[in-house]
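I opened the model to look up a few things, and these are my notes. The topics are helix packing, salt bridges, some single residues and backbone angles.

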Amino acid sequence: MNFKLMGRINSYVLAIEAVLMVPSMLISVGYGEIRAAGALLISILITIAVSGILFLVSKGAKNSLRAREGLVCVGVCWIAMSLLGALPFCISGEIPRYVDAVFETVSGFTTTGASILVDVEDMSKGLLFWRSFTHWIGGMGILVFMLAVVPMGGKNEGFTLHLMRAESPGPSVGKIVPKMRETASILYLIYCGLTFLCVLFLLAGDMPLFDALCTAFGTAGTGGFGVKRDSMAGYSEYLQSVVTVFMALFGVNFTCYYLLLRKDWKSVLKDEELRTYVIAILASAFAITLNIRDQFTSMREAWHHAVFTVSSIITTTGFATKDFNQWPTFSKAVILTLMFIGACAGSTGGGIKVSRILLLIKGLRRNIHQILHPQKVQTIRINGKSVSETVMANTNAYLSAYVLIVIMSFLVLSLNGGFSIESNFSAVMCTFNNIGPGLDQVGPASNFFAYNDLSKIVLIFDMLLGRLEIFPILVLFSRSTWTKLK
């Protein structure tokens, strides 16, 4: 294990986190929130101190990192920045219990949007900003940001691919340009550009600047933390429509945007994952519209709320304009299905990912063909390119781990009395898939405050497992990872 290099990477990540807390502190100062500003300042100093210690003890690190070490490093980075990112909430007393503060912070960084806050509008502006800003930080990934801004390896930067693969969502992650640092920079430029456009469109609808920034952070990171107790319900139809469109846009593989910038329209239009994603949104919204038509004054109004909800759930954002917990059973079944599917690989969305669903369907079809025609060799293709057996094996392993984790988490949550089966199952699904609101007692009009500490800790790990695509956290806590290699 190259502990020195992992320590250095962690020191960079925590230093970046400390810098990213500064805007929230300045906002608190601007609003005269002395207690919140002080809490943020103390948290910044503690984070810098930890970063400094790690930097000092990691001097002389060699730029060599294996895949296993990349997974461990990413897992440790996310846990460390979550534990320290929770300090402002706890020190300020606005979320006095540390477990609750960590839950809220992990929910932010993993872009889940599940909350323990009873009334979000009681929170100070500076901490409310930090809460939403964690969505934006976690959306593309703080290690991807680090790779974009910190010179890591010079001629030996190959190890950075292990970091990016460990943090970025999808069954396979590669470079869009030869150098990984340039790839990370391009991704973040696209991310910043789309976020800026979202803010402009929100401001055009007379949304206050503070609300526009926080809403854009939640939309870009597909996180869903709102600054109002009714999420997006109190805003105008125009603003809700803007968020609908941008949620869907941030659920698209960012490689498609890079191809568009290169004017490679043909490759984008032929992208199987993108086509499936768009069809899933339109078909689900249409089906729900027909099912909820009687609850609204017109078909147009029903479509508006249906497509908003579908865009929010499939991209795992979690914003809401209506309490879909009150909708008919069929609509809730569609919503639960979308929780499984999730957005595209290489986006800021969560879930299993559309690409994995396609691979699983094609793999199942190939297995059926092989039973019927044992001598026939059939390869699986996505966008005309053959998919390696390694990717297929990893996809099947991911699904196996996914199912086991859901079952085990559901059983642990069931020990917490007072919650229905629907509540516990949807709580696991909406945290593991980084969505936010679930059904029944954890629906859009409720929160996770009533769960006991054990349940919250399980859900915290579910959020981390979901955001990091399971394996970095499993590898981190695997006994064999720490067994000395001969």
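Entry 1, H304. I began with the contacts of H304 and left out residues up to four places away in sequence; E237, Q240 and S241 are what H304 touches. The model is a predicted one, so I note that local features need pLDDT of at least 70. I placed H304 in helix α15. Is H304 buried or exposed? The relative accessible area of H304 is 8%, and because the cut-off for buried is under 20%, I entered H304 as buried.

Entry 2, α14 and α15. I stayed with helix α15, which spans residues 299–314, and looked up its packing with helix α14, residues 272–292. The two axes come within 8 Å and cross at roughly 135 degrees. This makes α14 oblique to α15, because an angle counts as roughly antiparallel when over 145 degrees. I recorded the crossing of α14 and α15 as right-handed. Which residues make the contact? On the α14 side I listed Y277, A280, I281, L282, S284, A285, F286, I288, T289, L290 and I292. On the α15 side I listed M299, A302, W303, A306, V307, V310 and I314. I then sorted the residues of this contact by type and got 16 nonpolar, 2 polar and no charged.

Entry 3, α1 and α6. I looked up a second helix pair, α1 (residues 3–30) and α6 (residues 125–140). Their axes are 8 Å apart, and the helices pack at an angle of about 150 degrees. I entered the crossing of α1 and α6 as right-handed. From α1, the residues in the contact are E17, L20, M21, P23, S24, I27 and S28. They meet K125, G126, L127, F129, W130, F133 and I137 of α6. How many residues of this contact are charged? I found 2 charged, with 9 nonpolar and 3 polar.

Entry 4, M140. I also checked M140, which has its place in helix α6. With a relative accessible area of 8%, M140 is buried. I took one C-alpha to C-alpha distance from M140, to V403: 25 Å in space, for two residues 263 apart in sequence.

Entry 5, salt bridges. I counted salt bridges over the structure and noted 13. I then looked at some of them one by one.

R97 and D100: their side chains meet in a salt bridge, 3.3 Å from N to O. The two partners have their own exposure values: R97 counts as partly exposed at 37% relative accessibility, whereas D100 counts as buried at 3%. What else is linked to this pair? I found R97 and D100 in a network of salt bridges with D453 and K456.

D119 and R229: the N to O value for this salt bridge is 2.9 Å. D119 sits in the loop between α5 (98–109) and α6, and R229 in the loop between α10 (209–220) and α11 (237–250), so the pair ties together parts 110 residues apart in sequence. D119 is partly exposed, at a relative accessible area of 22%. R229 is exposed, at 54%.

K228 and D211: I noted 4.0 Å, N to O, for this salt bridge between side chains. K228 is in the loop between α10 and α11 and D211 is in helix α10, so I logged the pair as one that links distant parts of the chain, 17 residues apart. The relative accessible area is 32% for K228, which is partly exposed, and 7% for D211, which is buried.

Entry 6, phi angles. I kept in mind that most residues other than glycine have a negative phi. Which residues did I write down as having a positive phi without being a glycine? One of my entries is S231, with a phi of about 60 degrees. S231 lies in the loop between α10 and α11 and is buried, with a relative accessible area of 15%. Another entry is N383, with a phi of about 55 degrees. I placed N383 in the loop between β1 (381–382) and β2 (385–386). N383 counts as partly exposed, at 35% relative accessibility.

Definitions and conventions. Residues numbered from 1 in each chain as written. Predicted model: local features only at pLDDT ≥ 70, side-chain atom pairs only at ≥ 80, totals over all residues. Heavy atoms only, no water. Axes fitted to C-alpha atoms, helices over the stretch in contact; angles between N-to-C directions. Parallel < 35°, antiparallel > 145°, perpendicular 65-115°, else oblique. Left-handed = near helix turned anticlockwise from the far one by under 90°. Contact = heavy atoms within 4.5 Å. Nonpolar A, V, L, I, M, F, W, Y, C, P; charged D, E, K, R; others polar. Buried < 20%, exposed > 50% of the residue type's maximum accessible area, 1.4 Å probe, protein only.
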